[in-house]
Amino acid sequence: MHTVTIKELRKVIPVIGENLTPIIQSEPGCGKTSLLSMLEKDLGDKYDYIYVDCPVKDMQDIAMTIPNHDTRTLETYVGSLFKLDSPKPKVILLDEFMKAPKLLQVIFTRLMLERCVGDTPLPKGSIVFGTSNNQSDGVGDSMLAHAGNRVCIMQMAKPTPDEWLEWAGNNGVNALIRAWVHMFPRCLHSYLNDGEKDNPYIFDPKKTQLSFVSPRSLAKSSVIVSNRDVIGDNATMVALSGTIGASASADMSAFLSLERELPSFNEILKNPDQVPIPTEISGQLMLMFQSTDKIQTQEDLSQFMKYVKRLPNHEMQAVFFTVIVKNDKTRPIARNNQEIADWTKQNIELF
């Protein structure tokens, strides 16, 4: 099966979306809905950005016919959802389109084909796209055949662990969750791939499950991990289980318990040449990801790099380098840091 990445879709949708409606399919929780906010970041305030939660909408949310007593006719009044009082072109996301009631799918078909809401055309240059789960996911997605022939159905690839980690690092996801994902990359594999029948973490339509690991549920679990000292170990594990599933919760809880044995970031900065290095890879990973969130200055980075250079595993040093240069906050610091420059020259073979 051929797939397209989120990064590619950010280019494809603006290019074809004025004339042809892409319907983006993937398994649950992979970031389809976030495409609207990504496009807003890419395209700026030239457009109005409109989110349509298709399964919960009704006819009166879209348009209604109102009597015109002067002409003795019915006129269509479009719902305020579509912001047609603004002259800007629109970027409209029809989210979970294939779960919409069949009557609304018929109404949305004209929007997708002719760029009209009822009889009212959208401003010139408007973009329409939709999302849906895979029909093989078994979560109620279906589409009328004649409608399917009028759109462009595209399969979105599930983000790889590296892709998700880059996004998570720039969007405030707790560093310990990011370290856990790096340690357990299988948690972001797909049931569509070979060899994943026994994967205890992921969504599988053949199993009865409400909680499982996905890019979305990992991000949602950030608030739990960030407040685990307040809510306690037991409640943390129960909350994680209800968010990312029992298997992932058990493994992540064990992983989190190691943090208490680690030196603090401030201890490392004060004495990078003497502070003990954790013997376990998981502990080293925690420190690498946590530091990315805490480094603020060139001095911070230079001091921490002295500690990193003491790590016996050069691949672990490379993990830190990769995390630093892919993070929007730390990339400018790393670009001008002499310690980073020296390390790169000495370890160029790692890349």
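A cavity is a set of grid points where a 1.4 Å probe fits but cannot get out. In this predicted model, the structure holds one such cavity of 30 Å³ or more, and about 40 Å³ of space lies in the largest cavity. Its walls are formed by Ile-62, Phe-82, Ile-107, Phe-108, Leu-111, Cys-116, Val-117 and Gly-118. Helix α4 (102-114) and strand β6 (116-117) each supply at least two of these lining residues, and the largest share, three residues, comes from α4. By class, the lining of the largest cavity has seven nonpolar residues, one polar residue and no charged residues.

The open spaces of the model come next. The largest pocket has a volume of about 1,100 Å³. Its lining comprises 31 residues, and the closest to the pocket centre are Ile-6, Arg-10, Met-38, Glu-163 and Trp-167. Four helices, α1 (6-16), α2 (35-43), α6 (161-169) and α8 (215-220), each contribute at least two residues to the lining of the largest pocket. In that lining, nine residues are nonpolar, nine are polar and 13 are charged. The second largest pocket holds about 280 Å³ of space. It is lined by 18 residues, and those nearest its centre are Thr-3, Ala-157, Lys-158, Ser-190 and Asn-193. Here the lining divides into eight nonpolar, eight polar and two charged residues.

From these spaces, the description turns to the packed interior. In soluble globular proteins, nonpolar side chains tend to be buried together. The largest nonpolar core of this model has 56 residues, and Leu-218 and Phe-304 have the most contacts inside it. Helix α16 provides the largest share of this core, seven residues. Apart from it lies another core, of 19 residues, including Ile-50, Ile-62, Val-128 and Val-151. Ile-62 also belongs to the lining of the largest cavity. For Leu-218, setting aside residues up to four places away in sequence, the residues touched are Trp-164, Val-173, Ile-177, Trp-180, Val-181, Cys-187, Leu-188, Val-213, Ile-244 and Met-252.

Phe-304 can be followed into its own helix. In α15 (residues 298-308), the buried residues are Asp-300, Leu-301, Gln-303, Phe-304, Met-305, Tyr-307 and Val-308. An α-helix has 3.6 residues a turn, so residues three or four places apart point the same way. The cover over the buried residues of α15 includes the helices α13 (265-270), α14 (281-294), α16 (314-326), α17 (331-335) and α18 (338-346).

Among the strands, β1 (residues 22-26) has five of its five residues buried, so this strand is largely enclosed by the rest of the structure. In a regular strand the side chains alternate between the two faces of the sheet. In β1, Pro-22, Ile-24 and Ser-26 point one way, while Ile-23 and Gln-25 point the other way, and all are buried. Strand β1 pairs in the parallel sense with strand β9 (residues 152-155) over four bridges, and Gln-25 of β1 stands opposite Gln-155 in β9. Four bridges also join β1 to strand β8 (residues 127-133), again in a parallel arrangement. Within this second pairing, Ile-24 has Thr-131 of β8 as its bridge partner.

Strand β8 also contains Ile-127. Is Ile-127 buried or exposed? Its relative accessible area is 1%, and because buried means under 20%, Ile-127 counts as buried. Leaving out residues up to four places away in sequence, Ile-127 touches Ile-13, Pro-14, Gly-17, Glu-18, Tyr-47, Lys-90, Val-91 and Ile-92. Ile-127 and Ile-6 are 121 residues apart along the chain, and their C-alpha atoms are separated by 17 Å. Ile-6 appeared above as one of the residues closest to the centre of the largest pocket.

An antiparallel pairing is found elsewhere in the model. Strand β3 (residues 63-68) runs antiparallel to strand β4 (residues 73-78), and six bridges join the two. Ala-63 stands opposite Val-78 in β4. The hairpin formed by β3 and β4 has four residues between the strands, and in this hairpin Arg-72 takes a positive phi near 55°.

How values were computed. Residues numbered from 1 in each chain as written. Predicted model: local features only at pLDDT ≥ 70, side-chain atom pairs only at ≥ 80, totals over all residues. Heavy atoms only, no water. Buried < 20%, exposed > 50% of the residue type's maximum accessible area, 1.4 Å probe, protein only. Contact = heavy atoms within 4.5 Å. Pairing = 2+ DSSP bridges. 1 Å grid on protein atoms, 1.4 Å probe; cavity = no way out; pocket = protein on both sides within 12 Å on 5 of 7 lines; lining within 4 Å. Points joined across faces, edges and corners; volume = space filled by probe spheres on them. Nonpolar A, V, L, I, M, F, W, Y, C, P; charged D, E, K, R; others polar. Core = buried A, V, L, I, M, F, W, Y, C linked by side-chain atoms within 4.5 Å.
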